[in-house]
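The following exercises introduce a single protein chain. Please study the sequence and the model, attempt each task, and then compare the worked solution.

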Amino acid sequence: MADATGTGREAFPALFPPGERKVIVPAFTRIRIQAAIARTDPARPDRAVVHLVWAGADRGGTYTDGRLTDLSFTRTPAQNGATAWMPLPLS
């Protein structure tokens, strides 16, 4: 949602540094995920890529299907010993 609509980008400063890639008018008002898969890199098991296929509805309600987004994450130990996946900056 943050990437496609601009809403909520402040929650992901690593992906959307303040002042960069600002959205004036969102292109999409609603998003639906059509498919998703996440894979780790065998050479770097601390990294994963999430592939999303999604559709976005414009202000008129027409959905544009089959949009693709890849998001990268890195695994970091959390303070309580659990694992957390942190987003990596968009390249």
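**Exercise 1. The fold**

Which pattern does the chain follow when read along the sequence?

*Solution.* The structure is a predicted model, in which local features need pLDDT of at least 70 and side-chain atom pairs count only at pLDDT 80 or more, while totals for chains, interfaces and linings use all residues. Residues are numbered from 1 along each chain as its sequence is written, and side-chain values use heavy atoms, with hydrogens and water left out.

Step 1. Helices (H or I, at least four residues) and strands (E, at least two) are DSSP runs, numbered from the N terminus. The chain has one helix and four strands.

Step 2. Read along the sequence, these elements give α-β-β-β-β.

Step 3. The chain has 91 residues, of which 20% count as buried; buried means under 20% relative accessible area, exposed over 50%, and partly exposed in between (1.4 Å probe, protein chains only).

**Exercise 2. The strand pairings**

Determine how strand 2 pairs with strand 1 and with strand 3.

*Solution.* Step 1. Two strands pair if DSSP finds at least two bridges between them. Strand 1 and strand 2 run antiparallel and are joined by 11 bridges. They form a hairpin with two residues between them.

Step 2. Individual partners can then be located. Arg30 has Ala57 of strand 2 as its bridge partner, and Arg39 has Val49, also in strand 2.

Step 3. Strand 2 pairs with strand 3 over 10 bridges, again in the antiparallel sense. Here Arg47 stands opposite Thr74 in strand 3. The hairpin of these two strands has five residues between them, and Gly61 takes a positive phi near 95° in it.

**Exercise 3. Two residues in the strands**

Is Gly56 buried or exposed, and what does the side chain of Thr69 make a polar contact with?

*Solution.* Step 1. Gly56 is found in strand 2. Gly56 counts as buried because its relative accessibility is 0%.

Step 2. Contact means heavy atoms within 4.5 Å. Not counting residues up to four places away in sequence, Gly56 touches Phe28, Arg30, Ile31, Thr62, Tyr63 and Thr64. Gly56 and Thr29 are 27 residues apart in sequence, yet 7.2 Å apart in space, C-alpha to C-alpha.

Step 3. Thr69 is found in strand 3, and counts as buried because its relative accessibility is 14%.

Step 4. The side chain of Thr69 makes a polar contact with the side chain of Trp54 at 2.7 Å. (A polar contact is a pair of N or O atoms within 3.5 Å; within protein, one must be able to donate a hydrogen and the other to accept it, and residues adjacent in sequence count only if both atoms are side-chain atoms.) Leaving aside neighbours within four places in sequence, residues in contact with Thr69 include Asp3, Val50 and Leu52.

**Exercise 4. Contacts across the sequence**

What percentage of contacts between residues at least 6 apart in sequence join residues at least 24 apart?

*Solution.* Step 1. Take the contacts in the chain between residues at least 6 apart in sequence.

Step 2. Among these contacts, 37% join residues at least 24 apart.
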